[in-house]
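Subject: Structure handover and notes

Dear colleague,

I am passing on the structure below, together with my notes on what turned up when I went through it. Please keep it open beside you as you read.

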Amino acid sequence: EIMTMFAFTTDSAGFPMVTLNAMELDVHLFPVTKLQFEMFLAEPNPFADSWYETILGLNPRSSRGTGEQLERLFLTGILPDEAELFAGWLGDGLRLPTAAQWQAIYEHFKSVRRPASGWSQVRREVDPVAAECLDALSNRKDALLLSRLARLEGGVMEWVRGKRGWQLIGQPRPGFGNQLYCCRTLVTPTNVDRRSALCGFRLVREHKRRTPE
């Protein structure tokens with residue numbers, strides 16, 4: 001059965017996160033974008049301009065991800081330790097998900113249809129930059145299910161914490177990169193420090209538990 005339940009919040013940069021009360025966490029609606037990451041780079045940070053030039057050399061910048069170049073919206077070529085620095089800047093307990101969390105999020109999202117109503121409210125409440133990304137993703141014909149809108153399928157490979165340390169999960173669009181396995185299959189990189197245009201990330205935030213009075 002396809003459900004239409006959808007609750008959302010935002011991160012501190014104003015980008016949308018889906019609230020999953022059953023899992024007691026929030027998760028970014030889509031992989032972290034270049035526009036989102038550039039808010040971090042605009043403030044004091046440990047990265048030199050040459051670092052970002054290297055990143056853009058792997059996956060050129062686009063604010064709209066038009067046509068088949070959807071992946072240009074997302075920040076890829078990043079390493080997990082660098083993604084964690086961005087998570088620390090956003091604060092509020094955001095971090096890379098565990099492999100089990102990512103897989104559970106996917107199982108939920110693939111049974112949720114993108115809500116037909118109330119979408120304008122989400123757009124109004126996010127940062128204007130985030131709204132542009134949201135438009136680019138939600139206007140695509142293949143984005144009817146939340147798993148597709150969120151690009152857990154047809155997106156990028158994403159860094160997660162697995163039993164073997166840093167691992168990758170997800171399934172890029174065939175025109176962007178080849179991944180022979182289904183999007184739920186974990187891939188262990190031969191070298192975690194090797195940059196790839198296919199590799200991005202999204203963050204999760206666990207709900208704070210109330211202490212009994």
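Helices here are DSSP runs of H or I with at least four residues, strands are DSSP runs of E with at least two, and both are numbered from the N terminus. Counted in this way, the protein has seven helices and nine strands; please bear in mind that the model is a predicted one.

To begin with the whole chain, 49% of the 213 residues count as buried, and the protein exposes about 10600 Å², of which carbon and sulfur atoms supply 49%. Among the contacts with a separation of 6 or more, 66% are between residues 24 or more positions apart.

The interior comes next. In soluble globular proteins, nonpolar side chains tend to be buried together. The largest nonpolar core here has 59 residues, and the members that touch the most others are Phe 109 and Phe 201. Helix α6 (residues 128–138) contributes the largest share of this core, with six residues. Once residues up to four places away in sequence are set aside, Phe 109 touches Val 18, Leu 20, Val 27, Leu 146, Ser 147, Ala 150 and Leu 152.

As for α6 itself, its buried residues include Ala 130, Ala 131, Cys 133, Leu 134, Ala 136, Leu 137 and Ser 138. The N-terminal end of α6 is capped by Asp 127, which places a side-chain oxygen 2.8 Å from the backbone nitrogen of Val 129.

The aromatic residues deserve a paragraph of their own. There are 13 aromatic pairs in total. In one of them, Phe 40 and Phe 47 meet edge-to-face, with 6.1 Å centre to centre and 90° between the planes, and both Phe 40 and Phe 47 are buried. Phe 40 also pairs with Trp 89, this time in a tilted arrangement with 5.5 Å centre to centre and 40° between the planes. Because Phe 40 lies in helix α1 (residues 34–41) and Trp 89 in helix α3 (residues 80–90), this pair ties together parts that are 49 residues apart in sequence. Since buried means under 20% relative accessible area and exposed over 50%, Phe 40 counts as buried at 3% relative accessibility, whereas Trp 89, at 27%, counts as partly exposed. Ring pairs link Phe 37, Phe 40, Phe 47, Trp 51, Tyr 52, Phe 86, Trp 89 and Phe 201 into a cluster.

Two members of that cluster, Phe 86 and Phe 201, also appear around Val 32, which is found in the loop between β3 (25–28) and α1. Val 32 is buried, with a relative accessible area of 0%, and, leaving aside neighbours within four places in sequence, Val 32 is in contact with Phe 74, Leu 75, Phe 86, Phe 201 and Arg 202. Val 32 and Gly 200 are 168 residues apart in sequence, yet their C-alpha atoms are 7.3 Å apart in space.

Finally, the strands. Strand β5 (residues 157–162) pairs with strand β8 (residues 199–200) in the parallel sense over two bridges, and Met 157 has Cys 199 of β8 as its bridge partner. With strand β6 (residues 165–169), β5 pairs in the antiparallel sense over five bridges; there Arg 161 is bridged to Trp 166 of β6, and a hairpin of two residues joins β5 to β6.

With best wishes

Note on methods
Residues are numbered from 1 along each chain as its sequence is written. This is a predicted model: local features need pLDDT of at least 70, side-chain atom pairs count only at pLDDT 80 or more; totals for chains, interfaces and linings use all residues. Side-chain values use heavy atoms; hydrogens and water are left out. A nonpolar core is a set of buried Ala, Val, Leu, Ile, Met, Phe, Trp, Tyr and Cys residues joined through side-chain atoms within 4.5 Å. Buried means under 20% relative accessible area, exposed over 50%, partly exposed in between (1.4 Å probe, protein chains only). Contact means heavy atoms within 4.5 Å. Two strands pair if DSSP finds at least two bridges between them. Rings of Phe, Tyr and Trp (its six-membered ring) pair if their centres lie within 6.5 Å; planes under 30 degrees apart count as stacked, over 60 as edge-to-face and the rest as tilted. A polar contact is a pair of N or O atoms within 3.5 Å; within protein, one must be able to donate a hydrogen and the other to accept it, and residues adjacent in sequence count only if both atoms are side-chain atoms. Accessible areas come from the Shrake-Rupley method with a 1.4 Å probe; for residues, only the protein chains shown count as cover.
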